[in-house]
Every structure is written in C-alpha cells, then in structure tokens.
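Q: I would like a close look at a single part of this protein, with its surroundings described in some detail.

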Amino acid sequence: MEAGERKEHVRKQRQVLIFFVLLGIAQAGSEPKHYSVAEEMESGSFVANLLKDLGLEVDELSARAPRVVSKGKKLHLQFDRQTGDLLLNEKLDREELCGPTEPCVLPFQVLLENPLQFFQAELWIRDINDHSPVFLDKEIILKISESITPGTTFLIERAQDLDVGSNSLQSYTISPNFYFHLKLQDSPDGIVSPQLVLDKTLDREEQSEISLTLTALDGGTPPRSGTAVIHIEILDINDNAPEFAKMRYEVQVPENSPVGSQVATVSARDLDIGAYGQISYVFFQASEDIRKTFRLNAKSGELFLIQKLDFESVQTYTVNIQATDGGGLSGSCVVFIEVMDLNDNPPELTISTLINQIPENLQETIIAVFSVSDPDSGDNGRMVCSIQDDLPFFLKPSVENFYTLVTNTALDRETASEYNVTITVTDLGTPKLKTEHSITVLVSDVNDNAPAFTQTSYTLFVRENNSPALHIGSVSATDRDSGTNAQVTYSLLPHQDPHLPLASLVSINTDNGHLFALRSLDYEALQAFEFRVGATDRGSPALSSEALVRVVVVDDNDNSPFVLYPLQNGSGPCTELVPRAAEAGYLVTKVVAVDGDSGQNAWLSFQLLKATEPGLFSVWAHNGEVRTARPLSERDAAKHRLVVLVKDNGEPPLSATVTLHVLLVDGFSQPYLPLPEAAPDQAQADSLTVYLVIALASVSSLFLFSVLLFVAVRLCRRNRAASGARCSVPEGHFPGHLVDVSGTGTLSQSYQYEVCLTGGSGTSEFKFLKPIIPNFLAQGPEKVSDGNPSVRNSFEFN
C-alpha cells in the first residue's frame, strides 16, 4: 500500500511540472488580459466576468473545469464556475503586494481542461489613499549655535508615504514662529525635500530651545498628513555672566545651631550652558572671622556653620559671595546672617553692698544693694527678682536693674537669730533660666529681754542643825538675749522684815544662783522664812527680774521628851493617892509630856519601865494614863514606886523617864502618911485642907490669867511691827513649851492643860488637871508654837 502512495505522489509531481512548462509556453505566445480592482475591497468582491474573454458559454464551464492559478502559495482570486465571475478571494493591500511600484500588477492564469488551455490575465490593483505620510523620526533634533547668521539653511529629513501617484506625499508646512520658515527642495527623482531657513538671530539666553511642528501632506482626497516635531537646541556662547537669584539674602540662625548645620544656600544662574554655564562659588572679600565661622560649598552654594555662634559676641554677619562661570565671567551677592538670640544665658547678680549683721529692733534696714543683668535680648533678657515669702524682708527696686534688700519689720533675734535669704533672678525666656544667690543675715542682740526665772517661787527644804555654808538649793534664770546681754548675776534683795537677819542666814553665788545656809538652823527657833532673789543681766541698760524663795526648816529629832507632869524639878516627889477600893482600870494619874520637835519626832509613847509590884499598874502607851491593872487587896503594899519611860518616834528615838510614887489608902479622909524620905509632920497634915483651898484658888486665878494673856498676845502680834515691843510674862521653873500633842500624844487635840502645883517642900501636895483656853488659837493639828513663836517663847510658869 505504501508503494502505491509513493507512485501516486510521483505522478502528481510530474503533472505540476508539465503544467508550469506549458504555462510558460502559453505566456510567451499571447498577451495577457488586464483587469483592475481597487485595493482594500472586501473578500468576494466582483472583479470581472471571464465568459466572453474565455469564449465559453455558461453551460460549458462545468465541462472545462476552469480554475485560477497564480505564482506563490496565495490565491488572491477565485473563479465562480456557475457564473464565470472572477471574485476576490481576500482583501488586497496594494502597498503590501507591490510596495512603491506603480502600477501594481498581479499576473494570474485561468486553467481550462478538456482540452487543456491556459488563459493569461493580469490584475491591476488601484491605489487608494489609505496611508498618511509618516516621518520615520517623530522628533527631529537640530543643534544651532546662537552665533549663526540669518539666511542659513538647514536640511530636514523628509516624510514617507506608502501610497503612490496623487495619493503620495505632495507638500510640507511648518508651524508659525519668529525664527524660521520652510523651503521645499525638488530633487531630480521628483521627491520633495523640506529645508529650514533662519530668519532671525538666535539668543540662547532668551530662548534656549525652539520646537516646531513639521506637517507632511499627500494628494489624496481628502488629503492625509503626518507630523514631526523639530526640536532646535540653541548652542551657547559665553555671552552672559552669572546672576544671583537675589542680590541680598537675609537669614536668621539660632545661636545654638550645631556645627555642620546649613545656614543658607545661594544660587546664581548663568544663561549660558556647558562650561560657560558651570558656576563655582567663593567668598569675596571675607574677613578671617567669617572664614573661621562659615564654609561655602563651591559647587552647590550651600553655606555651612563650622563654629558655634554666640549672640552675645556677634549678632550679625555680612558675607559676600562671588559666582564665577567657566568663561571667567562673575557675579556677586551679599548674605546677611542674623544670629537669633536664645535663652542660653542665666541672669547675673552682682552684690554692690552687703551687711551681714544688723541689730534687732530696727525698722527698714538696708541689708544689700545688688544689680542684675542678662546678656540675652528681648524677653530672654528681661528679668524678675524675688525672695522667699516667709521672710521679714522685701526687694525694693532702685535705678535701672538695681535693687535693695530691706527689712520690712523690726527683727527679733530671740525669734530668729539668722536668716538665709535666697535672691532668685528669673528671666522671661523660654525655657526660663534663673540664678539664685544666698545671703546669710545675722541678727545681733540688743538687751531687750530681762532674765526670767525658771519658777516664780522656789521652796527649799533644809534639815535643822545643818553645817554652816551648806548648799541648800539653787535658783536659775535664763536670758533670751545673747553674749553679755545674757550673762546673769544673782543677788539677795533687801528683806522687808528688819527682824529677820537674812544676811546672816543665807548667801547666794552671784554667778550660778546657788544658795548656802550661813549658820546652823534650829527648827524650834525658826521653822521657815522667805526672801526674794534678783537676776540681773549685764546689758546696757541692765534688765532684771526677781523670784520668791521660801526656805522650810525640816525638823530633826534633837529634843528629848519633856515631862510636864509630874514635875521633875528636884523638889519633893509627887505622891499619888489610890483608894484600896479601886477597881481594875482605875485612873491613878496621867503622865503629861511634850516634845519640842514636830511631826513624828514629837509622837510620844509611854511605857512602864519599873514597878514595885509588877502587874498591879499599867501605863497606856498613847496617852500616858496610869491605871490599875487589877483590883487592889489588903495584901498589896501601901507604897509603890513606878518608873515611866516617855519615848518619841524620831530616828534615833529620844526618851525621858519619870518616877511616880503611889500611896494606897483606905480613903481620902485618911491622914496623909509621909514618905520615908520626909520626916512626918503632924502640922503639915493638918494644913492639907488649907492647901486644897489654895490650889482651887490658884486654878481659878490661872484661868483668869490665861484669858488676859491671850488678849495681850493678840494685841502684841498686831502691833509688833509698829512698836517693836515684846510681850513677856513672869519667868518660872518650867521651860516654855506648851504643845498640843495630836491623837497619839499626851494631850487631846482640842485642849491644852494647865498644871498648878504648890511650890516649896511641904509635906502635903495636891494637883488638879483642868482644860483651859479650848482651841483658842484654832491651829488644828499644829503646835501652838508653830502658829505663834512669840507666844511659845513667852509662856513660862511659876
């Protein structure tokens, strides 16, 4: 099967070869028929009917099998075998098929079979105006020197148009301008070439470039056109010097601008181009200070800072800058640089006058005079001065920028001896800067404060029997002043009572206020005394104050109890009579004793020390009452001797003894039996009744005498200071100690007892105890002597 296909292929190749051979023979022997058609007609368009030219009828067409053949692989035509019409097989483009060739002829053949016959024909394709003129370069660049003279001609590349004949390029036009016109040049081959002719001298600085629109027109209907832009660059010559945009530049630069920052940029323009338009910048007639402060970029004209600015040193700079082009032409400008002040300087304070120490109590005293300044300007240089609000000072403005610091009230050193005044000077810049200056003001002392005692009164306690020159206490005064104004001396002030020998009792150390007892004090003579001490400073004038000192003498147990009854005065002993019928508890007698001391030193206790017959009598410890301990009997001895011990409560305790003689009798009517120590005397026994009467009269007289004495004492106390008289009574054998012993003593609180005994050495004695002057001094628990020493020292009994 493959062998059969190969044979068929060979057969077809032979037929085609024969066909072209015959076709060539036929063409050589006959003239082709001409048919025409316009280009760009649609496929299937009618070209011509070939029946007549082929000499065939319609019914013969199918038998002859006509078909169109042509060179190449493309078949542009087709033959309609039904009608004999020649039709376009596709849209024809004359410019693609023939290019610029005119006329555009496409040869073809019509092949007829049975018998084989070739029909030669040509298809002429008519041009239509379907293409516009086209410039191959849409932008035509011409470089023309500004020195070229008018009339010079410049050739321009022509446009291309694919159409032919009247549809081809026919003419050119150029856009209106002041410098060129268009000239058309015809060449021998019929091509029109455009030329530009210079009409006016060019000035690059006035117009460095010129753009023209060149239009090419064909001859079609309607005509088509194409355009191109002619870009004319005017070449420079050095006919212009550099010119700065501004002859004077003014810039403001903050003084804190960092080194290296850009200050300004100058810009010069040279209308020339190329080397003639290349500009370099340099300083022109610049001082050394400017060259040290600024750097100029020669190419860009940028001015840089190479040194810190200081408004306070230089406020403005004037910099001359020259610009030079490549041809040596130059221009200049001035850069005026104003340094902007910043608040970079704190205010300055200068003290002109300063008084560090002022006395107190002065009004409106000038402390300091000072001036303030700020090298900054504007608000940065305006200042406000102030001090603390809680100080007794104020600032008083004086002449320009001068102030005085003045006290606004009298100062008190004792309130504040030192002031720290801080003067603050603040400017009004942003941010605000301030300067502070501290002044220490010392307030010197004025003697305006008297010494003040720590107490208005002092109470000192001194035990009696002290050693002379004993330190008994101190007074202290302080003075709020200072220095010599605060040095205090102490003194004893004169006493108003001339009877109190103060100078012999106490003394005071003038430096420290220590008080000393000059002699031994006796409580029984002087229980307390008062005096005033003064404290004086050493200021000028001196100021002083005083305080009351009360010295209380504290009792010491230096007095033994003294027995008032029975009296132990060396006379005959006192005999107590006790009936034998006495029951237990019978009061035999009462031992009455006193103690010159006070307090517990005067508390007395009683004790039966010895007895003839122990157990028969007892002594009450607190009141000294001697009582029978049991009923008496006939067997008891008639005479008894009792020794009673009286002891105080001091430390160490002191004591005294008293001897009692007790006689037991059957009754009081029984004659008195004399003691063994006295010789019996019948006459004395008979006089017992007389003695009793005398004793009763004595008691009554003593009572009357006590009343009179009380009145006299009152009068003496009232008139003591005026008359200086001393009240006295007759002296006797008893020491003047009448005391009121409190609850535990020998006497009750509300009574004082008077004891009256017959004097002499009689054989018969009797005693009465009777309360007198009930509470007449109203001294409470105190002794009579405590209330009135004069009375105590004046009572003496006979």
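Which side chains are joined by a polar contact of 2.9 Å?

A: The side chains are those of Ser-145 and Ser-147, which a polar contact of 2.9 Å joins in this predicted model. Ser-145 belongs to strand β8, which runs over residues 139-145. Ser-145 counts as buried because its relative accessibility is 17%, and the cut-off for a buried residue is under 20%. Leaving aside residues up to four places away in sequence, Ser-145 touches Leu-202, Ile-234, Leu-235 and Ile-237.

Among these neighbours, Ile-234 and Leu-235 lead to strand β14, which spans residues 225-235. Strand β14 pairs in the antiparallel sense with strand β13 (residues 209-218), and nine bridges are found between the two. A hairpin of six residues makes the connection from β13 to β14. Within this pairing, Leu-214 has Ala-228 of β14 as its bridge partner. Strand β13 also pairs with strand β10 (residues 169-174), again in the antiparallel sense, over five bridges, and here Leu-214 of β13 stands opposite Ile-174. Leu-214 thus has a partner in the pairing with β14, namely Ala-228, as well as Ile-174 facing it.

For comparison, two other parts of the chain may be set beside this one. Strand β33 (residues 457-463) has a covered face made of Tyr-458, Leu-460 and Val-462, while its uncovered face carries Ser-457, Thr-459, Phe-461 and Arg-463. Strand β33 pairs with strand β40 (residues 544-554) in the parallel sense, over seven bridges, and Leu-460, from the covered face of β33, has Val-551 of β40 as its bridge partner. On the surface, Phe-703, Val-707, Val-711 and Leu-715 form a nonpolar patch with about 320 Å² of accessible area together. Val-707 lies in helix α8, residues 688-723, and is classed as partly exposed because its relative accessible area is 38%, a value that falls between the cut-offs of 20% and 50%.

As for the protein chain as a whole, it holds ten helices and 51 strands, and 39% of its 798 residues are buried. Of the contacts between residues at least 6 apart in sequence, 68% join residues at least 24 apart. The accessible surface of the chain comes to about 42,900 Å², with 53% of it belonging to carbon and sulfur atoms.

Notes:
Residues are numbered from 1 along each chain as its sequence is written. This is a predicted model: local features need pLDDT of at least 70, side-chain atom pairs count only at pLDDT 80 or more; totals for chains, interfaces and linings use all residues. Side-chain values use heavy atoms; hydrogens and water are left out. Buried means under 20% relative accessible area, exposed over 50%, partly exposed in between (1.4 Å probe, protein chains only). Helices (H or I, at least four residues) and strands (E, at least two) are DSSP runs, numbered from the N terminus. Two strands pair if DSSP finds at least two bridges between them. Contact means heavy atoms within 4.5 Å. Accessible areas come from the Shrake-Rupley method with a 1.4 Å probe; for residues, only the protein chains shown count as cover. Patches are made of residues with over 30% relative accessible area and no salt bridge: like charges are joined within 9 Å, nonpolar side chains (Val, Leu, Ile, Met, Phe, Trp, Tyr) within 5 Å. A salt bridge is a side-chain nitrogen of Lys or Arg within 4 Å of a carboxyl oxygen of Asp or Glu. A polar contact is a pair of N or O atoms within 3.5 Å; within protein, one must be able to donate a hydrogen and the other to accept it, and residues adjacent in sequence count only if both atoms are side-chain atoms.
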